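User: I would like to work through this structure step by step. Where should we begin?

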Number of protein chains: 2
Amino acid sequence: MGDIYDSTNYQPGRTIGGLLSRVKVEMLAALDQELAHDKRLAPLEMSAAQWIIVANLAAGPGEPKSAADLCKVISYDAGAMTRMLDRLEAKGLIRRTRSAEDRRLLKLELTEEGRAAYPRMREIAMTVANRFLRGFTKTEARQLEAFLNRMLENAHEGSTRASA
Amino acid sequence: MGDIYDSTNYQPGRTIGGLLSRVKVEMLAALDQELAHDKRLAPLEMSAAQWIIVANLAAGPGEPKSAADLCKVISYDAGAMTRMLDRLEAKGLIRRTRSAEDRRLLKLELTEEGRAAYPRMREIAMTVANRFLRGFTKTEARQLEAFLNRMLENAHEGSTRASA
DNA sequence: TGACAATGGTAGCCTAGGCAACTATATTAC
DNA sequence: GTAATATAGTTGCCTAGGCTACCATTGTCA
């Protein structure tokens, strides 16, 4: 069948898994740097992880999301999420409200201050992404996105365990 | 100029950075799972991170690497590396020896036991990688590798800070 | 040679994610 | 209606990476 890697061509460290890890580390580090050095945002001490939350809350124009939604969407631990939201709330960027319909749920939304800071964060995130994609054509970038999406879809399909 | 993302098409969460993060998380989780459930390897309690070290030591047929080399190659913290090597040494998979030529260096190599366990680890890692790449043609996989390599190269070039 | 910088490795402290236990609320089955 | 189950969120514990200070060794250079 169509396996990509076999014993003749699998070189740990040069394979997709390793590359993926390293690119991700580098992108997060770059984003952390930019967020920390930006005059406007430095006081907020935003981490890349926090940006991701804010981005997801800002994304949908309407519907405030719940914490559980967020965890699923970004593959993040629930306990860690609680603490992350604590930090963002302490900075005044987000607001938590118990949902009236389902009192287990927290409705999450950006505060006025959060919405105000968002455009600059978005700009920085875009710049970083563009830097990593320097030299890519738009077609290539779309292709890369598509590849990654396909890998994500493969992730949760019948995990044919390796014999065991 | 050729920026990939601009304000009209940048949707946080659907972009390459976010995808990358999630794919990486899923791959590591899958690898951890397989390593933990494999009959042969379960007693070693290998984490994906530890596998990466072992893989890098096994890779070069000759030359034992130094800890500092490893840190560079996989973008890993030196302090964390010390502790990681402690664990691997405790399991009897690797050996540390002071270099005679430069007594600051540690020469790292797999023990007999490490070499013995390696093939099975490699097999598992390959299986996981192949699962994530299910449906990919070999050409597509090579393309994906190339994209990621280009992003890595971009990572360390003149970090045109976002105005600041 | 002898001061000084650079490099490799280690240890301590801090932060943050993963997991398990727990509470509160909602849903399902009987 | 009540018991059993599932879900959302919080908390405590554990682990592990990042950062900084530190020691030993090596290289530089005057």
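Analyst: Begin with a definition: two residues are in contact if their C-beta atoms, placed from the backbone, lie within 7 Å. Keep in mind that this is a predicted model.

User: How many residues of chain B are in contact with chain A?

Analyst: Apply the 7 Å cut-off to C-beta atoms. On the chain A side, 64 residues take part. On the chain B side, the number is 63.

User: Which helix of chain B supplies the largest share of the side that touches chain A?

Analyst: Four helices of chain B each supply at least two residues: α1 (16-37), α2 (48-59), α5 (112-132) and α6 (138-155). The largest share is 15 residues. The helix that supplies these 15 residues is α1(B).

User: How many residues on that side of chain B are nonpolar?

Analyst: Sort that side by class. There are 16 polar and 16 charged residues. The nonpolar residues number 31.

User: What axis relates chain B to chain A?

Analyst: Chain B can be laid on chain A with an RMSD of 0.1 Å. This takes a turn of 180° and a shift of 0.0 Å along the axis. Therefore the relation is that of a two-fold axis.

User: What percentage of the contact residues of chain B recur in chain A?

Analyst: Compare the contact residues of the two copies. The same surface serves both copies. The share that recurs is 100%.

User: Which residues have the most contacts inside the largest nonpolar core?

Analyst: This core has 83 residues. One of its best-connected members, A129(B), is in contact with residues of chain A, including I4(A), Y5(A) and T15(A). The residues with the most contacts inside the core are W51(A), A129(A), W51(B) and A129(B).

User: What pattern does chain A follow along the sequence?

Analyst: Start with the inventory. Chain A has six helices and two strands. Read along the sequence, they follow the pattern α-α-α-α-β-β-α-α.

User: Which residues are closest to DNA strand C?

Analyst: The strand is surrounded by 21 residues. α4 (78-90) of chain A supplies at least two of them, and so do α3 (67-74) and α4 (78-90) of chain B, each in turn. The closest residues are D77(A), G79(A), R103(A), A68(B) and G79(B).

User: How many residues of the surface near DNA strand C are charged?

Analyst: Split this surface by class. It has 10 nonpolar and five polar residues. The charged residues number six.

Key. Residues are numbered from 1 along each chain as its sequence is written. Chains are lettered from A and ligands numbered from 1 in the order in which they are written. This is a predicted model: local features need pLDDT of at least 70, side-chain atom pairs count only at pLDDT 80 or more; totals for chains, interfaces and linings use all residues. A residue is near a molecule or strand if its C-beta atom, placed from the backbone, lies within 6 Å of it. Ala, Val, Leu, Ile, Met, Phe, Trp, Tyr, Cys and Pro count as nonpolar, Asp, Glu, Lys and Arg as charged, and the others, Gly among them, as polar. A nonpolar core is a set of buried Ala, Val, Leu, Ile, Met, Phe, Trp, Tyr and Cys residues joined through C-beta atoms within 7 Å. A residue is buried if 20 or more other C-beta atoms lie within 10 Å of its own, exposed if 12 or fewer, and partly exposed in between; C-beta atoms are placed from the backbone. Copies are superposed by least squares on the C-alpha atoms of residues with pLDDT of at least 70 in both. Lists of a residue's contacts leave out its neighbours within four places in sequence.
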